[in-house]
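Student: I am new to this structure and would like to look closely at a single part of it. Could you take me through that part slowly, and then show me how the rest is laid out around it?

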Amino acid sequence: MGHGCEILIFDRRDFGSPVLSLPVTELRDSKVTAAVWSSLDDYLITGHENGEMRHYDSKSGDVLRKVHNHSKAVSDLQLTKDKSMLISASKDTTAKLFDVDTLNCMKTYKTDRPVNSAAISPTQDHVVLGGGQEAINVTTTSAKVGKFDARFFHLVFQEEIGRVKGHFGPINSLAFHPDGKSYSSGGEDGYVRINTFDQSYYDFDFDY
């Protein structure tokens, strides 16, 4: 028989036994698919298979807050540099920007494909989204049809501002370099690509 979903928190100085175990019992058939710590590590922010997001108290394990802004699984959660906001990626073809403390949804970035990962630039008002069709269908579809490019959106205005091609399968992971001068993407094709921005990226001025 399978085991129910459970969050295990370890002290990284001692990986013997978890210091806290949080059974996810209220969400039947909805496992935790992504998690990040708050800025002071006082609560854990989780994304779930049913599209829900939660705050868990890191000491008591109590559910402090929950929202349901996605209609399908949350596939990734990433924080801004100052940890005041986070971006979620979802199989419902959107990524959303949230206030970390309130989980209030502030922005939505819409695509036409499942979004597997999303990241926020530490220096520019930009977010990057990656995904593509489900991996099970990749072998029967060309890269052009599968839509495996990384897509850049303006953080505030939610408009797409550019795309970067390169992968031959869905993008599963994205991350900006801390200096904001490059980003990395990991794909179903087995490649990790490191892309450094040229001068035109910094010269770009959003017309509004």
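Student: How many bridges join strand E12 to strand E13, and in which sense do the two strands run?

Tutor: Please keep in mind throughout that this is a predicted model. Strand E12, residues 126-131, is joined to strand E13, residues 150-154, by four bridges, and the two strands run antiparallel. To find a point of this pairing in the view, start from Leu129, which stands opposite Arg151 in E13. As general background, the strands of a sheet pair through backbone hydrogen bonds, in either the parallel or the antiparallel sense.

The pair belongs to an open sheet of four strands, whose order is E11-E12-E13-E14 and whose pairing is antiparallel. At the edges of this sheet lie strand E11, residues 115-120, and strand E14, residues 160-164, each of which pairs on one side only. From one strand to the next, the twist averages 20°.

From this sheet we can turn to an enclosed space, since the structure holds one cavity of 30 Å³ or more. The largest cavity has about 40 Å³ of space, and its lining includes Ala150 and Val164, together with Phe148, Lys165, Gly166, His167 and Ile171. Ala150 is a name to look for again in the sheet, for strand E13 covers residues 150-154, and Val164 can be found in the same way, as strand E14 covers residues 160-164. Further along the chain, strand E16 (182-187) and strand E17 (192-196) each supply at least two residues of this lining, and Tyr183, Ser185, Arg193 and Asn195 are also among the lining residues. Sorted by class, the lining of the largest cavity has five nonpolar, four polar and two charged residues.

Another open sheet of four strands has the order E7-E8-E9-E10, again with antiparallel pairing. Its edge strands are E7 (74-79) and E10 (105-110), and each of these pairs on one side only. Neighbouring strands here are turned against each other by 20° on average, with direction ignored. Moving along the order of this sheet, E7 and strand E8, residues 85-90, run antiparallel and are joined by five bridges, and within this pairing Gln78 stands opposite Ile87 in E8. The hairpin of E7 and E8 has five residues between the strands, and in this hairpin Lys83 takes a positive phi near 60°. At the other end of the order, strand E9, residues 94-99, pairs with E10 in the antiparallel sense over five bridges, and the bridge partner of Phe98 in E10 is Cys105.

There is also an open space to look at, the largest pocket, which has about 290 Å³ of space. Its lining includes Ile9, Phe10, Asp11, Arg12 and Arg13, then Val19 and Leu20, and later in the sequence Trp37, Asp41, Ser58 and Lys59. By class, the lining of this pocket has five nonpolar, one polar and five charged residues.

To set these parts in the whole, the secondary structure of the protein comes to two helices and 17 strands. Of the 208 residues in the protein, 44% are buried. Finally, among contacts between residues at least 6 apart in sequence, 38% join residues at least 24 apart.

Methods: Residues numbered from 1 in each chain as written. Predicted model: local features only at pLDDT ≥ 70, side-chain atom pairs only at ≥ 80, totals over all residues. Heavy atoms only, no water. Pairing = 2+ DSSP bridges. Axes fitted to C-alpha atoms, helices over the stretch in contact; angles between N-to-C directions. 1 Å grid on protein atoms, 1.4 Å probe; cavity = no way out; pocket = protein on both sides within 12 Å on 5 of 7 lines; lining within 4 Å. Points joined across faces, edges and corners; volume = space filled by probe spheres on them. Nonpolar A, V, L, I, M, F, W, Y, C, P; charged D, E, K, R; others polar. Buried < 20%, exposed > 50% of the residue type's maximum accessible area, 1.4 Å probe, protein only. Contact = heavy atoms within 4.5 Å.
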